[in-house]
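The following exercises concern helix packing and empty space in a protein model. Each task is followed by a solution in steps.

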Amino acid sequence: MTELTRAQVSDILGAHLSATGCTFGLWAPRADRVELALVDDQGNTQRNIDMDRQGGIWTTSVPGVEAGQRYGFRIDGAWDPGQGLRANPAKLLVDPYARAITAGVDFTGPIFDHVPDDFYTRDNRDSATSVPLSVVVADTPAPEPIARRRPLSECVIYEAHVKGFTRLHPQVPEHLRGHYGGIAYPAVVKHLTDLGVNAIELLPVHHFVSEPFIIGRGLSNYWGYNTLGFFAPHAAYCSVGTEGDQVAEFKSMVTALHRAGIEVILDVVYNHTCEGNHEGPTLSFRGIDHQGYYRLTDDLRNDYDVTGCGNSVDTAHADVLALVMDSLHYWVTQMGVDGFRFDLASTLIRNGDHQVDLNHEFKRQIAADPVLKDIKMIAEPWDMGPNGYLVGAWGPGWSEWNDRYRGYVRDYWRSQVHGVDELATRLAGSTDIFNHNGRPASSSINFINAHDGFALRDLVTYNSKHNEANGEENRDGSNDNRSWNCGVEGETDDPTINALRHRQVRNMLATLLLSDGVPMFCAGDEMGRTQQGNNNAYCQDGPINWVNWSLQDEWHDVGTLARTLIGLRQQYPLLRPAQFRDRHDVVRADGTPLGRLTIAWFNGGGGQMTQDDWNDGARRLLGMYVSDESDTAFLNWFHSGPEPAAVTLPAEQWGTHFEVVATSAEPGELAESYQPGETFTLPARTVVVLKATTLSVAQADEKAAAETTTSDEAGVTQDEASPEENSQA
């Protein structure tokens, strides 16, 4: 921009009401002419208004326009698809800065800018009655801010779909189910607070549309990873209307969650749009400036796709990156959100040659932005392009989805691992991946499942995917599920198998909530949610995806354990370290060791893990001990073996008393407490949390001061081989 500063441009783009009317602004640098179309409620064009050009920006002011006015843009200019030039004034286009979008897509209408089967020939049929429309929205106050934005290390993230989370909730009024208002409903908020989660990550709420090929199967895009508007809340999630009401209802939802102490994180899709590849529909960006918004191949004929969705948004272009940054600002300052999870984030840091650049302007701008300084930034650190897998590479200021954690924990509980050395690494925050460049332990977003893939219950119910309902003959979805059906494929009435499945779900959820890093799990997993074996349910808007609240009683054991462990995690910072644990002696003020370490690994024989223990590929038992200067420590046991194991607890310097405060075992399988040096039987496939009473540093100092002679107590001999020494944890 030469005529206007970037800040001025951001203030101009979109629709802005004034006391006398509305100003409209659009970035369309290759257009020869831009026309604003004002549309009535029946879809008829009321007025066509030529816009004025200033550099690459087109503007106009229209007196008398009020909130709720529908509008779109028409672009006239060069038509040369082989060179990435796709101007077609017959196509009515959504404003990229529209704050609300209404109406849907008529997939039988002229929504393509080219004639069928020939994208070189322009289709001159008008699309106005077949496409979504932008809506003028009045400014309203931002949602009530949360009392305190927590550090990410304190968060337990709950991934939820706006519709699917409440569509079947029996206590939510019918008209609110499946909408923003449903999530704000007191019974739903109470479920979240009772469970203990303090951050909800919503699957895409940027306005999206379905792909034509999905509609052709009689299905729809349910997940929402198909964005049309980066500023507009998805209209179908509003319970009362689509002409600005969605903005108000979204804000009310954020306020309700904030009042309950729950942060709102949005799963955002800036890497591609709903327009697909070069033969896809023209609804907005393609018709405005195909060559500007999208990455193209060197010959400019085709979209350069690193997302697997047909196109890739070109954030190497300064004005396109500005759109992304303006969108982030809007959702923080006007819509009240507390964080973002960036879908296929590697796409956003590709340079003009499509190569990954870890010092990309996108990252630099976010790091320097005062509006985003305390906003949570979470990357899905990969895309489908060359060198796009970047787990562990995003650096300070970012957290990342940790798929290495996901795969290993699944493997550990189906006993498809070699020993437990990697288990220690994953429990300790995946230090091998993230413990560098001063990054905190919260860099790792730990998860065992997410929206894509099996539900937690399905991981113990199905060995193979069952995606027939998707209409792709079960070819879609991953074949690498790392699941175990416990002996029977699918649901069964066998009580033994069902008891084992419940136990395995408890084991995985317990492992997640006891690991260093930030835990994330899916809405409904605490109550036995199932997708009936579908591991790619992106197009299933129905019971396959909707949370079934009637399962709560049947799966109460999982919900109870989740609440217990989340409560422990919130009560004891020791279980959620902000930084990676520094393994050292806990010492008195004078430097005298108290005989325990801040982190240690136990073998079940009363001692710490030895080199032979770490090298034992058949080992399925590991104890993780964590301590600090207080009078409390924790010794957590993870046993995935199929047979019970005899476990001898360590000596009293590690704990004078061990209390069972949480376990995946059945009631009565374990005693309530144990003494140092005591041997007990740990049932097969069990997690147990022992809270150890220890001598605090303050207590030790008081005791030493009271004694007339200096204590000769010695610290523990540290002759074990640790995972750190093996470069594993």
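**Exercise 1.** Determine which handedness the crossing of α13 and α14 has, and describe how the two helices pack.

*Solution.* Step 1. The crossing of α13 and α14 is right-handed, that is, the near helix is turned clockwise from the far one by less than a right angle. The model is predicted, with local features requiring pLDDT of at least 70 and side-chain atom pairs pLDDT 80 or more, while totals for chains, interfaces and linings use all residues. Residues are numbered from 1 along each chain as its sequence is written, and side-chain values use heavy atoms, without hydrogens and water.

Step 2. Helix α13 covers residues 495-514 and helix α14 residues 556-571; they pack at an angle of about 15°, with axes 10 Å apart. α13 is therefore roughly parallel to α14, a term for angles under 35 degrees.

Step 3. On the α13 side, the residues in contact (heavy atoms within 4.5 Å) include V505, L509 and L513. Among their counterparts in α14 are V558, L561 and L565. By class, this contact has 10 nonpolar, one polar and three charged residues. Here Ala, Val, Leu, Ile, Met, Phe, Trp, Tyr, Cys and Pro count as nonpolar, Asp, Glu, Lys and Arg as charged, and the others, Gly among them, as polar.

**Exercise 2.** State what volume the largest pocket has, and describe its lining.

*Solution.* Step 1. The volume is about 1500 Å³. On a 1 Å grid over the protein atoms alone, a pocket is an open set of points with protein on both sides within 12 Å along at least five of seven lines, and lining residues have an atom within 4 Å of a point.

Step 2. The lining has 50 residues, of which W223, T307, M384, D452 and N536 are the closest to the centre. α10 gives the most to this lining, with seven residues.

Step 3. By class, the lining of the largest pocket has 15 nonpolar, 18 polar and 17 charged residues.

**Exercise 3.** Establish how many cavities of 30 Å³ or more the structure holds, and examine the second largest.

*Solution.* Step 1. There are four such cavities; a cavity is a set of points where a 1.4 Å probe fits but cannot get out.

Step 2. The second largest cavity has a volume of about 70 Å³. Among the residues that line this cavity are R410, W413, Q504 and M508. α10 and α13 each supply at least two residues of the lining.

Step 3. By class, this lining has five nonpolar, two polar and three charged residues.

Conventions
Axes are lines fitted to C-alpha atoms, for helices over the stretch in contact, and angles run from 0 to 180 degrees between N-to-C directions. Helices (H or I, at least four residues) and strands (E, at least two) are DSSP runs, numbered from the N terminus. Angles under 35 degrees count as roughly parallel, over 145 as roughly antiparallel, 65 to 115 as roughly perpendicular and the rest as oblique. Grid points are joined across faces, edges and corners, and a volume is the space filled by probe spheres set on the points.
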